[in-house]
Amino acid sequence: MTLKCTFHPLQPIRMEGTSTMPDASATSVPPTPPIPLSALLAREDLGLRRIAGPSDPDTVIHWAHTSEMADPYPYLLGGELLLTAGVHIPEAAGSGTYFDDYVARIVAAGGAALGFGLAPVHDTVPRALVAACDTYGLPLLEVPPQTTFSGVARAVWQLMAQARLAELRRVTEAQQSLAAAAARPDPAAAVLRQLAQRVSGWAVLYGPEGAELARAGRPPEAGPVTALGALAGVVHPGGTQATGPQGPAPTPTPVPAPTPSSATDTVGGTHLAAYALGGGQGFVLGVAAPRRDPGDHTIASVAAVLLSLLTGEQQSGSGAARSAALVRLLLGAAPEDVAPLLGGDRWTVVHARPAADGPAPDAVAASALGAALGSALIDTGEGVVRVLIPGHREPTAQEGWICGVSAAVGPHEWASADGQAARALARARATRTPLVRHGERPALADLVPSADAEAHARALLAPIAATPALTETLRTWLSLHGSWDRTAVALSVHRNTVRQRIARCGTLLEADLDDADVRMELWFALRDA
């Protein structure tokens with residue numbers, strides 16, 4: 001029984017059994033699969049013939065290598081079809097232990113088979129070599145004179161290329177089916193069913209407490225099931241042991257910290273694998289299959305990524321709470337009743353735009369900004385990203401973004417905070433400042449009762465209230481001290497448009513906008529509007 005664990009991040013650390021082949025877990029695509037020796041023997045153009053050694057259909061070769069060394073051991077990596085014309089064989093080799101020693105060294109190096117070429121050195125394969133290959137269980141192939149070693153090597157690579165193409169096609173089809181399964185009404189169960197089908201085995205999802213949450217496929221015998229539960233405990237954060245239908249699994253072999261991200265094992269001919277799902281929620285994917293094809297690890301890894309998303313934050317308490325909050329808002333609940341579900345009683349609104357002129361930010365960029373600010377409550381539209389942040393977090397300037405930040409407010413003031421953030425962003429863009437905050441310092445306007453201030457503002461601004469473009473232009477122009485250029489930048493319009501709108505405001509309001517007192521009164525009114 002061989003246990004193999006893969007750790008992350010930084011440098012991969014592996015605990016594995018004896019193997020000279022590359023580790024499939026180190027690549028993002030399936031490695032080139034080996035080819036059956038029988039497929040090479042079936043090539044009529046080569047004319048190869050097995051004359052000694054076992055005829056095991058499971059014998060595979062990974063590459064072809066030619067050597068005339070009397071001891072090829074130092075030059076073999078394992079899995080080769082070693083080709084030789086017998087140049088190294090001494091004349092008296094048949095009467096001693098030469099062939100036994102030669103074959104033993106090939107077997108010790110992990111050679112998969114030996115091909116012996118007829119002509120120009122030998123007309124027949126030495127009988128002592130045939131006997132040695134039978135003794136040590138090494139397949140021996142007779143290579144006819146018309147077949148060159150380079151032709152054999154080319155055939156090996158052709159068969160490997162065909163096998164790799166077939167494996168890539170199988171993996172691609174599996175990825176597509178897994179992605180389609182993840183979009184079904186019961187996504188986790190659908191992904192498990194597809195995975196079990198694609199690896200011709202059994203797939204199980206273990207929960208944070210180690211219990212089976214879902215399974216698919218035909219389960220193996222009790223022994224592998226129990227061993228798979230133990231293997232899931234190996235990759236579970238904190239080493240929590242999973243339990244299967246046979247009860248608590250045996251204590252797994254201790255492994256060094258940190259917790260591995262995946263582990264494999266083989267029990268009674270059944271290949272087992274366990275994958276820790278992302279998000280730190282403690283979910284584990286277990287897979288049991290009668291064989292382990294090169295692409296199976298890639299297919300299982302895709303399923304693990306999908307299950308990580310399905311069992312991650314969107315299905316956790318915070319994700320469910322956000323969904324519930326949205327539903328309640330849509331059904332007419334007051335913001336202050338919904339806010340506790342989101343995890344706070346005071347909130348800050350951030351408006352952000354890319355610092356450089358260019359296309360509007362996409363969903364990926366918006367999500368990255370939200371993550372940097374510490375919130376998943378994000379909205380995009382009209383080239384602006386809006387983020388709702390818990391009030392205890394302090395928004396900071398973000399590289400590549402211009403941000404406007406509101407005051408921390410209660411849920412009933414969210415709409416007001418949204419306006420504060422918008423105005424702060426406009427000022428930040430006009431002044432080319434990475435981040436501008438809305439001021440919370442008590443002002444003269446606070447001395448006037450809010451109801452009276454709002455009534456006065458409505459009466460004063462009534463002539464332009466029906467035209468939002470005029471109201472916003474006047475507010476921005478006053479906040480920027482009457483600067484035509486900076487107002488144009490903040491509103492993304494031409495400066496002549498700003499002049500025309502301000503002139504229109506003066507006419508409708510019947511006010512001299514060059515008068516400081518008039519400007520001050522209008523500014524207070526716009527703040528309360």
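Thr66 has Leu83 as its bridge partner in strand E7 of this predicted model. Strand E7 covers residues 80-84, and 4 bridges join it to E6 in a parallel arrangement. Both strands belong to an open sheet of 5 strands in the order E4-E9-E8-E7-E6, with mixed pairing. Strand E4 (49-52) and strand E6 (63-66) are the edge strands, each paired on one side only. From one strand to the next, the twist averages 30 degrees. Helix H3 (residues 127-136) packs on this sheet and touches E4, strand E8 (113-117) and strand E9 (140-143). The direction of H3 makes about 80 degrees with that of E4.

One residue of the sheet, Glu142, lies in strand E9. Is Glu142 buried or exposed? Glu142 counts as buried because its relative accessibility is 17%, and the cut-off for buried is under 20%. Leaving aside residues up to four places away in sequence, Glu142 touches Gly47, Leu48, Arg49, Ile51, Phe116, Leu118 and Val125.

The largest nonpolar core has 27 residues, and within this core Leu195, Leu285 and Leu307 touch the most other members. The elements listed below each supply at least two residues of this core.

| Element | Residues |
|---|---|
| Helix H4 | 149-182 |
| Helix H5 | 187-198 |
| Strand E10 | 202-206 |
| Strand E15 | 270-276 |
| Strand E16 | 284-289 |
| Helix H7 | 296-311 |

H7 gives the most to this core, with 7 residues. The contacts of Leu285, not counting residues up to four places away in sequence, include Leu192, Leu195 and Val204. Leu285 also touches Ala273, Ala274, Tyr275 and Leu277, as well as Ala300, Ala303, Ala304 and Leu307. Apart from the largest core lies another core, of 20 residues, with Ile106, Leu118, Ala132 and Cys133 among them.

Aromatic residues come next. The structure holds 4 aromatic pairs. One of these is formed by Tyr98 and Tyr102, whose rings are stacked, with 6.3 Å centre to centre and 5 degrees between the planes. Why are Tyr98 and Tyr102 separated by about one helical turn? Both lie in helix H2 (residues 98-108), and the separation is about one turn because they are 4 residues apart there. Tyr98 and Tyr102 are both buried. Together with Phe99, Tyr98 and Tyr102 form one aromatic cluster. A charge over a ring is found at Tyr73: the charged end of Arg105 sits over the ring of Tyr73, 4.2 Å from its centre.

Pro335 lies in helix H9, which covers residues 335-342. How does the accessibility of Pro335 classify this residue, and why? Pro335 counts as partly exposed because its relative accessibility is 28%, and partly exposed lies between the cut-offs of 20% and 50%. Pro335 and Gly410 are 75 residues apart in sequence, yet their C-alpha atoms are 9.0 Å apart in space. Not counting residues up to four places away in sequence, Pro335 touches Leu329, Pro411 and Trp414.

Conventions:
Residues numbered from 1 in each chain as written. Predicted model: local features only at pLDDT ≥ 70, side-chain atom pairs only at ≥ 80, totals over all residues. Heavy atoms only, no water. Buried < 20%, exposed > 50% of the residue type's maximum accessible area, 1.4 Å probe, protein only. Contact = heavy atoms within 4.5 Å. Pairing = 2+ DSSP bridges. Axes fitted to C-alpha atoms, helices over the stretch in contact; angles between N-to-C directions. Core = buried A, V, L, I, M, F, W, Y, C linked by side-chain atoms within 4.5 Å. Phe/Tyr/Trp six-rings, centres within 6.5 Å; stacked < 30°, edge-to-face > 60°. Lys NZ or Arg CZ within 6 Å of the ring centre and 35° of its normal.
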